[in-house]
Amino acid sequence: FMLVARIVGPQGRAAGLRLGSHAASSASYPRRGFLSFLGFGKAKRDANAAELAVKTLNEKMLEEVRNPSPLPPMFYSPIPALRELGEQYARASKGCKKCTAERMDYACPTSGFPSHCTKECYDKDLTHQDNLKSLKQVHDDNIDLRSGRAFHEFVFPGPAEEGRMPDLNNWRSFMDDRQFQTCLSNRVGDSRTKEEQVLEERSIRHVSSVFTFPMTIAHAIFWQKALGDPAHLKRKDEYGKEVPRRIAIVGARAEAKLPARAWLELCTIFPDTAFDIHFIGPEVPEELHETTRDLSAHKLRLSWTRAMYQDVHEFHELPELFVIYNSGVGYGHAQDTWAGALDLIFNKSNWTTVLMTSHNLDDAARDYSYLSRRQDCRYLMHPKENPFMSLRIDVAINNLKYLINSNHTYALVRGSPPVGVISAGSLFETLRNALR
């Protein structure tokens, strides 16, 4: 995401191509009009040069789709970041299980990933073929993100049409409705040739990896009523001042580093509603700790706290929605990490709704099994596939066969007293009614 922020820049515009000036030939000189000496023709020449550069780059990308070059082994990638990534995969792997070696020194000839100890082990592993298409796509996407090209897909659209909510059914309908662009500067949905469609899919994957976090919340608010009736989200206090909807993102990691423009999409979808989003977690960047960004013109406030939730619970106002992205709480070691936070969220937070996501179906099943065994929570909505998951695939660093998509599934949970126990609020209401 920091890569995206550098590409997009502080004003949300894609970085332009730097074009060198054409040196004049000693044999001939370009003709210049009289006014060009005063600089009147320079803007047009620069615009023509930029247009030609974009057209050339587009043709290059289309040609690469028509006649793809073989992927080099990550070990020998011309991109330093990918060489380092290949080294991480080689070191972190637990071996290919076909021999006693513990390091992957053989790169898959199709995907370029360090996949096996030797070619002999590679030839024996028939299950590796099942993931070849996905691994190749991951490598291709990483090369593109580090190519240095102008990212037209990150020239984000402006406000939505007044009085009309964008389509919230899936990525393609949403991006078409909001008029996102592809890497070819076409509008999403306008691609005609097979090559253009391939590049459009890649652009959608890139954008989805950034917007999956706010869009998952937007989908839950609109379709699952995570904040109550979506038609009546706007609220005012007794003095007529608008009260923002408070959302706490617990265990924040990558989402805490997103550019503010990504979170502004919530304000685009719900323009009448103010939001106050608080990122809490030990992996919040140090430079963001105890900082606040108030985008009052868009009715959005962002704040960050670098801490475990259980250490700051008593110092912050309770939110109206907790969000926990890709917690992996179904794993044994993660249960210990999350125990303190979940105890407070489920038992000391007025039964506030919790939006929880998982990396894939197996991850969701483990989370479901763990939460179902707890006696202090219940499901408001069982896990289901998220239409706004990240379409960009990630690969576990220690297992190439474990593929994940951020926010692949999501569920809604909330705290609940054990069966047979009446909560304090309910008991008070019961006694008050009995005494009437």
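Here are four short exercises, with worked solutions, on a predicted model of a protein.

**Exercise 1. Confidence**

Find what the protein averages in pLDDT, and where pLDDT stays under 50.

*Solution.* Start with the whole protein: its average pLDDT is 87, and 83% of the residues score at least 70. Next, look at residues 1–38, where pLDDT stays under 50. For this stretch the model has 35 contacts beyond four places in sequence. Where pLDDT is low, the predicted coordinates should not be read in detail.

**Exercise 2. Two partners of helix 7**

Work out how helix 7 is oriented against helix 8 and against helix 5, and which residues make each contact.

*Solution.* Two packed helices are described by the angle between their axes and the distance between the axes.

Step 1: take helix 7 (residues 194–223) with helix 8 (residues 260–269). They pack at about 30°, and their axes are 8 Å apart. Angles under 35 degrees count as roughly parallel, so helix 7 is roughly parallel to helix 8. The crossing is right-handed.

Step 2: list the residues in touch. Helix 7 brings Val 210, Phe 211, Phe 213, Pro 214, Met 215, Ile 217 and Ala 218, while helix 8 brings Arg 261, Ala 262, Trp 263, Glu 265, Leu 266 and Ile 269. Sorted by class, this contact has 11 nonpolar, no polar and two charged residues.

Step 3: turn to helix 5 (residues 132–145). Its angle to helix 7 is about 75°, with the axes 11 Å apart, which means that helix 5 is roughly perpendicular to helix 7. Gln 137, Asp 141, Asp 144 and Leu 145 of helix 5 meet Arg 202, Arg 205 and His 206 of helix 7. Here the classes are one nonpolar, two polar and four charged.

**Exercise 3. The sheet**

Trace the order of the eight strands in the open sheet, and say which strands stand at the edges.

*Solution.* Reading across, the order is 5-6-4-3-7-8-12-9, and the pairing is mixed. Strand 5 (291–295) and strand 9 (377–385) are the edges; each has a single partner strand, so one side of each lacks a neighbour in the sheet. On average, neighbouring strands are turned by 15° against each other, direction ignored.

Now zoom in on one pair. Strand 7 (residues 321–324) runs parallel to strand 8 (residues 353–358) over three bridges, and Phe 322 has Val 354 in strand 8 as its bridge partner.

**Exercise 4. Helices on the sheet**

Identify the strands that helix 8 and helix 10 lie across.

*Solution.* Helix 8 lies across strands 3, 4, 5 and 6, at about 135° to strand 6. Helix 10 (residues 332–347) lies across strands 3, 7, 8, 9 and 12, at about 160° to strand 7.

Key. Residues are numbered from 1 along each chain as its sequence is written. This is a predicted model: local features need pLDDT of at least 70, side-chain atom pairs count only at pLDDT 80 or more; totals for chains, interfaces and linings use all residues. Side-chain values use heavy atoms; hydrogens and water are left out. Axes are lines fitted to C-alpha atoms, for helices over the stretch in contact, and angles run from 0 to 180 degrees between N-to-C directions. Helices (H or I, at least four residues) and strands (E, at least two) are DSSP runs, numbered from the N terminus. Angles under 35 degrees count as roughly parallel, over 145 as roughly antiparallel, 65 to 115 as roughly perpendicular and the rest as oblique. A crossing is left-handed if the near helix is turned anticlockwise from the far one by less than a right angle, and right-handed if clockwise. Contact means heavy atoms within 4.5 Å. Ala, Val, Leu, Ile, Met, Phe, Trp, Tyr, Cys and Pro count as nonpolar, Asp, Glu, Lys and Arg as charged, and the others, Gly among them, as polar. Two strands pair if DSSP finds at least two bridges between them. pLDDT is the predictor's confidence in each residue, from 0 to 100.
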